[in-house]
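Student: I've got a new model on my screen and I'd like to talk it through. Can we take it piece by piece?

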Amino acid sequence: MNMSVMYDDDALRRRFNRAAFGTTFEPGDIPSPDAIHRRGIWTKDKYDKYVLRLQYGKTGYTDPITGVLVTAKEVMATADSKWNEERHCYKYEDVQMLDGTHAKHLLYNLRDVWKIVVHYEMVYDAIKECHTAVHHKKSDATKKKVKDRYFNISEDLCKIFVKKCPWCTKDEGNQVATYSVPAVSTRSTGFRDSCTACVVDYSAYPIIDGHGEFMNYLLVLRDDETEYTVLCPICSKDERSLLYELSLLFAILVPYARRNTVEKHRVKIMI
Ligand SMILES: [Zn+2]
């Protein structure tokens with residue numbers, strides 16, 4: 001299930017990067033080093049080299065980022081004189097992200113706290129992770145969360161992100177993404193006689209509806225025969241709420257003459 005249905009990630013990423021760095025970083029875009037340095041962000045080249053040096057071995061090894069086999073001699077040739085002093089401040093390790101997933105990151109020890117280092121292509125995801133974790137609170141809460149986790153993301157960049165976030169602003173050009181409903185199948189056999197429902201947990205990335213309610217889950221209802229599927233954001237997955245939402249969906253989807261109320265068929269809910 002792709003969250004971009006509700007949160008147009010690609011469009012927001014482009015808008016953010018254009019405002020922050022003057023480029024959208026589409027394939028082939030060459031970012032201006034000035035724009036990157038002005039924001040205190042690392043270039044991808046510098047990031048890759050640091051990771052490579054941390055993986056330094058005696059004989060040679062595969063670059064964890066590019067997959068290219070590199071010899072120890074080549075690594076030493078790219079190391080600057082300060083590297084030996086600095087190397088103990090860095091490590092490249094598995095980190096638990098705020099949504100519970102894991103990813104390998106370059107970490108810097110800042111006053112005994114390991115913080116994630118980012119290069120310019122990582123900034124959008126990093127701020128988005130924190131902004132959604134604080135449930136779209138304004139930039140102060142987002143900035144705090146970003147500072148707690150990340151080594152080199154400025155407040156400035158957090159402000160830009162919040163200004164561009166479609167859930168936090170209603171500015172022109174920031175409209176919430178629309179999604180299109182798939183065409184209804186006309187196949188007659190078993191059409192909408194049997195449906196499967198499931199709930200996807202999005203509590204790490206809840207959507208806020210027009211009344212300020214947190215939509216923590218996505219209710220998915222699929223017709224078993226045609227695979228026609230509808231999605232409905234919901235606050236809670238307790239039985240009462242699910243029965244209510246399912247009756248609404250059935251009322252919309254099932255033709256009147258063949259409609260069976262949820263009560264009549266007593267939907268079995270497996271959570
Ligand atoms: Zn927001």
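**Helices first, then sheets**

Student: What span should the 13 residues of helix 1 (residues 9-21) cover, and how far apart are its end C-alpha atoms?
Tutor: Keep in mind that this is a predicted model. Count 1.5 Å a residue, and helix 1 should span 18 Å. That agrees with its end C-alpha atoms, which are 17 Å apart.

Student: Which residues of helix 1 are buried?
Tutor: Here a residue counts as buried when 20 or more other C-beta atoms lie within 10 Å of its own. In helix 1 the ones that pass are Leu12, Arg15, Phe16, Asn17, Ala20 and Phe21.

Student: And which helices do those buried residues of helix 1 pack against?
Tutor: Go back to the buried set, which includes Leu12 and Phe16. The helices packed against it are helix 2 (33-38), helix 6 (123-133) and helix 8 (155-164).

Student: Which residue follows helix 1, and what is its phi?
Tutor: Look just past the end of helix 1, where you'll find glycine 22. Its phi is positive, near 80°.

Student: How do helix 1 and helix 8 lie, roughly parallel or oblique?
Tutor: Their axes are 10 Å apart, and the packing angle is about 140°. Only angles over 145 would count as roughly antiparallel. That makes helix 1 and helix 8 oblique.

Student: Is the crossing of helix 1 and helix 8 left-handed or right-handed, and which residues of helix 8 does helix 1 meet there?
Tutor: The crossing is right-handed. On the helix 1 side, the residues involved are Leu12, Arg15, Phe16, Ala19 and Ala20. Across from them in helix 8 sit Leu157, Ile160, Phe161 and Lys164.

Student: Moving to helix 6, which helices do its buried residues pack against?
Tutor: Start with who is buried in helix 6: Val123, Tyr124, Ala126, Ile127, Cys130, His131 and Thr132. Their packing partners are helix 1, helix 7 and helix 8.

Student: What word describes how helix 6 and helix 7 (residues 139-149) lie to each other?
Tutor: The two pack at an angle of about 125°, and their axes are 8 Å apart. Roughly perpendicular covers 65 to 115, and roughly antiparallel needs over 145. The pair is therefore oblique.

Student: Which residues of helix 7 does helix 6 meet?
Tutor: Helix 6 passes helix 7 in a right-handed crossing. From helix 6 come Ala126, Ile127, Cys130, His131 and Ala133. In helix 7 they meet Thr142, Lys145, Val146 and Arg149.

Student: Which residue with a positive phi follows helix 6?
Tutor: Its phi is near 55°. The residue is histidine 135.

Student: On to the strands. Which are the edge strands of the sheet ordered 3-4-5?
Tutor: That sheet is open, and its three strands pair antiparallel. An edge strand pairs on one side only, and that description fits strand 3 and strand 5 (113-116).

Student: By how much are neighbouring strands of the 3-4-5 sheet turned against each other?
Tutor: Take the average and ignore direction. You get 50°.

Student: How many residues lie between strand 3 and strand 4 in their hairpin?
Tutor: Strand 3 (residues 90-96) and strand 4 (residues 102-110) pair antiparallel over seven bridges. In the turn, glycine 100 has a positive phi of about 95°. The number of residues between the two strands is five.

Student: Tyrosine 108 of strand 4 stands opposite tyrosine 90, so to speak; what is its bridge partner in strand 5?
Tutor: Strand 4 and strand 5 are joined antiparallel by four bridges. In strand 5, tyrosine 108 is partnered by lysine 115.

Student: Which helix lies across strand 3 and strand 4?
Tutor: It runs at about 100° to strand 3. You want residues 44-54, which make up helix 3.

Student: In the sheet ordered 6-9-10, what is the bridge partner of cysteine 198?
Tutor: This is an open, antiparallel sheet of three strands, with strand 6 (195-201) and strand 10 (229-234) at the edges. Seven bridges join strand 6 to strand 9 (residues 217-223). Cysteine 198 is partnered in strand 9 by valine 220.

Student: Last one: what share of the chain's residues count as buried?
Tutor: The chain's secondary structure comes to 10 helices and 10 strands. Of its 271 residues, the buried share is 18%.

Terms used
Residues numbered from 1 in each chain as written. Predicted model: local features only at pLDDT ≥ 70, side-chain atom pairs only at ≥ 80, totals over all residues. Expected span 1.5 Å × (residues − 1). Buried ≥ 20, exposed ≤ 12 C-beta atoms within 10 Å, placed from the backbone. Contact = placed C-beta atoms within 7 Å. Pairing = 2+ DSSP bridges. Axes fitted to C-alpha atoms, helices over the stretch in contact; angles between N-to-C directions. Parallel < 35°, antiparallel > 145°, perpendicular 65-115°, else oblique. Left-handed = near helix turned anticlockwise from the far one by under 90°.
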